[in-house]
Amino acid sequence: MFNIKPDKELDCLGLYCPVPIMKTAEIIKEMKSGEILEVIADDEGILKDMPAWAKMTGNEMLGSQTEGDIHKVYVKKK
Amino acid sequence: MSDEKPKMTLILFSGELDKALACFTLATTAAASGFEVTIFFTFWGLNVLKKGGISAGKKNFLQKMFAFLNKGTSSKLPLTKFNFAGAGPEMMKMLMKQKKMASLPQMMKAAREMKVKYIACTTSCGIMGVDRTDLIDDVAEMAGAASYLAEAKNANVNLFI
């Protein structure tokens with residue numbers, strides 16, 4: 001269903017707000033423009049928080065997929 | 001989005017762990033979202049900034065008593081509810097650790113790394129006999145209400161906790 005190839009992966013399993021967003025901000029800073037970050041999390045808040053963060057920071061939210069309790073969200077660096 | 005950074009200010013008036021966590025959760029998230037963040041610490045909120053140990057500030061008798069009853073430091077904050085003479089916060093910290101949530105010291109460290117600015121209220125310090133040297137070095141400014149308002153006027157989000 002998803003055809004996204006991430007350049008980097010960020011494991012946020014077991015972590016709660018605000019840590020996944022802080023880690024995302026940190027790792028995105030090190031990435032190049034156009035690169036894609038995959039964030040894996042089990043706090044479902046990520047599904048709302050990541051699009052909100054992407055909107056605020058101007059990065060592009062590509063989408064998300066959920067399997068059971070695990071959420072994968074994809075962000076493209078601006 | 002304009003090139004100018006969005007701005008957020010928080011007033012931390014309270015000296016409880018739960019409220020400090022709320023404050024730093026928002027501050028770190030905002031900083032990670034590109035906001036310029038300022039926290040103005042006043043009254044009980046100053047306890048979060050205290051180094052702990054013996055205060056260096058000159059105090060009269062009342063201030064000495066006050067300092068004894070109101071020691072502070074970020075590791076010894078009570079809870080607004082279920083404090084149970086300090087057992088509550090310890091339980092809360094254990095639960096947070098079990099759940100791998102960020103602790104207050106971790107969030108404060110992250111906040112500093114993301115250049116969140118700390119202002120300590122001089123009036124509160126004056127009343128309570130708190131000296132600048134009693135506070136952690138991360139405090140950028142000692143200032144009053146006008147300085148806060150000057151920052152808040154141009155900010156997009158202003159919160160009082």
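Trainee: I would like to learn how to read paired strands, so which residue in E4(A) is the bridge partner of A:Leu37?

Mentor: The partner of A:Leu37 in E4(A) is A:Val75, and please keep in mind throughout that this is a predicted model. That pair belongs to a longer match, in which E2(A) and strand E4 (residues 70-76) of chain A run antiparallel and are joined by six bridges.

Trainee: How many bridges join strand E1 of chain A to E2(A), and do the two run parallel or antiparallel?

Mentor: Five bridges join E1(A), residues 8-12, to E2(A), and here the strands run parallel. You can place yourself along this pair with A:Asp11, which stands opposite A:Ile40 in E2(A). When you then follow the chain, E1(A), H1(A) and E2(A) make up a β-α-β unit that is right-handed.

Trainee: Which side chains of E2(A) point to the buried face?

Mentor: The side chains alternate along this strand, residues 36-41 of chain A, so that A:Leu37, A:Val39 and A:Ala41 point to one face and are buried, whereas A:Ile36, A:Glu38 and A:Ile40 point to the other face and are not buried.

Trainee: Turning to chain B, in what order do the strands of its open sheet lie?

Mentor: The five strands follow the order E4-E3-E2-E1-E5 with parallel pairing, and the edges are strand E4 (139-143) and strand E5 (157-160), each of which pairs on one side only. Between neighbouring strands the average turn is 20°, with direction ignored. Within this chain, E1(B), residues 7-12, and E2(B), residues 36-41, pair in the parallel sense over six bridges, and B:Leu12 has B:Phe41 as its bridge partner in E2(B).

Trainee: Which strands of the sheet does H1(B) touch?

Mentor: H1(B) packs on the sheet and touches E1, E2 and E5 of chain B, with its direction making about 165° with that of E1(B). Helix H6 of chain B, residues 145-153, lies across E1, E2, E3, E4 and E5 of that chain and runs at about 145° to E1(B).

Trainee: How should I describe two helices that pack on each other?

Mentor: In general, packed helices are described by the angle between their axes together with the distance between those axes. In this structure, the axes of helix H1 (residues 17-32) and helix H4 (residues 104-113) of chain B come within 9 Å and cross at roughly 30°, and the crossing is left-handed. Among the residues that make the contact are B:Phe24 and B:Ala27 of H1(B) and B:Met107 and B:Ala111 of H4(B). By class, this contact has eleven nonpolar residues, two polar ones and no charged ones.

Trainee: Why does B:Gly88 count as partly exposed?

Mentor: B:Gly88 counts as partly exposed because it has 17 C-beta neighbours inside 10 Å, while 20 or more would be needed for a residue to be buried and 12 or fewer for it to be exposed. B:Gly88 is found in helix H3 (residues 87-98) of chain B, and, leaving aside residues up to four places away in sequence, it touches B:Leu79, B:Phe82 and B:Asn83. Its C-alpha atom is separated by 7.6 Å from that of B:Pro78, ten residues apart along the chain.

Trainee: Finally, how many residues of chain A are in contact with chain B?

Mentor: There are 13 residues of chain A in contact with twelve residues of chain B. On the chain A side, helix H1 (19-30) and helix H2 (46-57) are the elements that give two or more residues, and H1(A) provides the largest share, four residues. That side divides into ten nonpolar residues, three polar ones and no charged ones.

Terms used
Residues numbered from 1 in each chain as written. Chains lettered and ligands numbered in written order. Predicted model: local features only at pLDDT ≥ 70, side-chain atom pairs only at ≥ 80, totals over all residues. Contact = placed C-beta atoms within 7 Å. Nonpolar A, V, L, I, M, F, W, Y, C, P; charged D, E, K, R; others polar. Axes fitted to C-alpha atoms, helices over the stretch in contact; angles between N-to-C directions. Left-handed = near helix turned anticlockwise from the far one by under 90°. Pairing = 2+ DSSP bridges. Right-handed = clockwise from strand over helix to strand, strands pointing away.
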